[in-house]
Amino acid sequence: MAPRKNARGLSPTPSTPERRPSSVASSPEKPPGPLSITISPEEREIIKVNNYSAAELKNACDDALKRYLSRPVLFKQIHLHTDVRLALGWAGVFTAVATGLYGWKIDFEKSKPGVWVGFILYLVLTSLQTLYSYFVEGDTIFVGRRKTFSKRIITERITISSGTLPVPSSKLSLKPSPTNSPSYSLSINYVQSTSGGKSLLAKGRTHESKEYSAFFDEKGVMAQEVFERWIGELVEAVMEGKGA
């Protein structure tokens, strides 16, 4: 049956059903990852190192990683390991100074017991500092935490350790190149939880390495954008549970 025409002789336009809002709840907002951060060239300082010094290469990468991940929208760096080492170190210094002053002011024979106590206490504090650095802190260079709110408080914690992998003896040569450069090694652990850490939401772990020559040119100038892109990809992969 042909549609009825109106007074002007035109067929009425078929009505479109009104679209109703979906009743499906949207998923919680995903916390921003490092790759979402834009850094302008003006914020960067030129980093230049000696390509033949593995220590300088590693320290430069460690510092760049900490600057990158400790930006306000990312993670707040936790300085617990540094604080513990400093506390033990300063305690050892004060003990040594106090022991020296006590031995200087008091008669030698009378001060012997106190000096011995101070000396033993100094050895204990120094040993504790060394043991803490070796067994507890280890190669950890960054510990960060972030809290976000999406219907509930979500806490994220990331721990990163670094090291240098030497060049295989079969690839040693006088001039560093992408095929014979030592490598920067990273181990990343990520945990996402809620309810004060009682409920685990996600976790990830990965271990990757890349040659220093990928981040530094022949003059030792660091390509910070390349380095940060690599770090950002690793961290976001771990946040998504794709780490190995």
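Does E137 count as buried or exposed, and at what relative accessibility? The legends below take up that residue and several other sites in this predicted model.

**Figure 1. The whole chain, for orientation.**
Welcome to the overview, which sets the scene for the close-ups. The chain holds four helices and five strands, and read from the N terminus these follow the order α-β-α-α-β-β-β-β-α. Of its 244 residues, 30% are buried. The accessible surface amounts to about 16,900 Å², with 58% of that belonging to carbon and sulfur atoms. If we take contacts between residues at least 6 apart in sequence, 67% of them join residues at least 24 apart.

**Figure 2. E137 in helix α3.**
Here is the residue from the opening question. E137 belongs to helix α3, which covers residues 108-137. Its relative accessibility is 12%, and because buried means under 20%, E137 counts as buried. Setting aside neighbours within four places in sequence, E137 is in contact with H81, R85 and Y132. One of these partners, H81, is itself among the buried residues of helix α2.

**Figure 3. L125 of α3 beside helix α2.**
L125 is another residue of helix α3. At 13% relative accessibility, L125 counts as buried. Apart from residues up to four places away in sequence, L125 touches L88, A91, G92 and T95. A C-alpha to C-alpha separation of 7.4 Å links this view to G89, although L125 and G89 are 36 residues apart along the chain. Helix α2 spans residues 80-105, and its 26 residues reach 37 Å from first C-alpha to last, close to the 38 Å expected at 1.5 Å a residue. Buried in α2 are H81, L88, G92, T95 and T99. What do these buried residues of α2 pack against? They pack against α3 and β2.

**Figure 4. Helix α4 and its packing partners.**
How far apart should the ends of α4 be, at 1.5 Å a residue? For its 16 residues the expected span is 22 Å, and the end C-alpha atoms are 22 Å apart, so the two values agree. The buried residues of α4 are Q224, F227, E228, W230, I231, G232, L234, V235, E236, V238 and M239. They pack against α1, β2, β3, β4 and β5. As a reminder for reading this view, an α-helix has 3.6 residues a turn, so residues three or four places apart point the same way. E233 also lies in α4, but at 42% relative accessibility E233 counts as partly exposed. The C-alpha atoms of E233 and P34 are separated by 7.9 Å, with their positions 199 residues apart along the chain. After the helix comes G241, which has a positive phi near 80 degrees.

**Figure 5. Aromatic rings around F215.**
The chain has nine aromatic pairs. In one of them, the ring centres of F215 and F227 are 5.1 Å apart with their planes at 90 degrees, so this pair is edge-to-face. The pair links distant parts of the chain, with F215 in the loop between β5 (199-211) and α4 (224-239) and F227 in helix α4, 12 residues apart. Both F215 and F227 are buried. F215 also pairs with W230, this time in a tilted arrangement with 5.4 Å centre to centre and 40 degrees between the planes. W230 sits in helix α4, 15 residues from F215, and both residues of this pair are buried. A single aromatic cluster takes in Y184, Y212, F215, F227 and W230.

**Figure 6. The largest nonpolar core.**
This core is made up of 31 residues, and those with the most contacts inside it are L65, I160, Y184, F216, F227 and I231. At least two core residues come from each of α1 (54-69), β2 (140-149), β3 (153-165), β4 (183-194) and α4. F216 makes a good place to zoom in. Not counting residues up to four places away in sequence, F216 touches V49, N51, L57, A60, C61, V221 and M222. Y184 and F227 also belong to the aromatic cluster of the previous figure.

**Figure 7. A charge over a ring.**
The last close-up shows R146 and F75. R146 lies over the face of F75, 4.9 Å from the ring centre.

Terms used
Residues are numbered from 1 along each chain as its sequence is written. This is a predicted model: local features need pLDDT of at least 70, side-chain atom pairs count only at pLDDT 80 or more; totals for chains, interfaces and linings use all residues. Side-chain values use heavy atoms; hydrogens and water are left out. Buried means under 20% relative accessible area, exposed over 50%, partly exposed in between (1.4 Å probe, protein chains only). Contact means heavy atoms within 4.5 Å. Accessible areas come from the Shrake-Rupley method with a 1.4 Å probe; for residues, only the protein chains shown count as cover. Rings of Phe, Tyr and Trp (its six-membered ring) pair if their centres lie within 6.5 Å; planes under 30 degrees apart count as stacked, over 60 as edge-to-face and the rest as tilted. A charge sits over a ring if NZ of Lys or CZ of Arg is within 6 Å of the ring centre and within 35 degrees of the ring normal. A nonpolar core is a set of buried Ala, Val, Leu, Ile, Met, Phe, Trp, Tyr and Cys residues joined through side-chain atoms within 4.5 Å. The expected span of a helix is 1.5 Å times one less than its number of residues.
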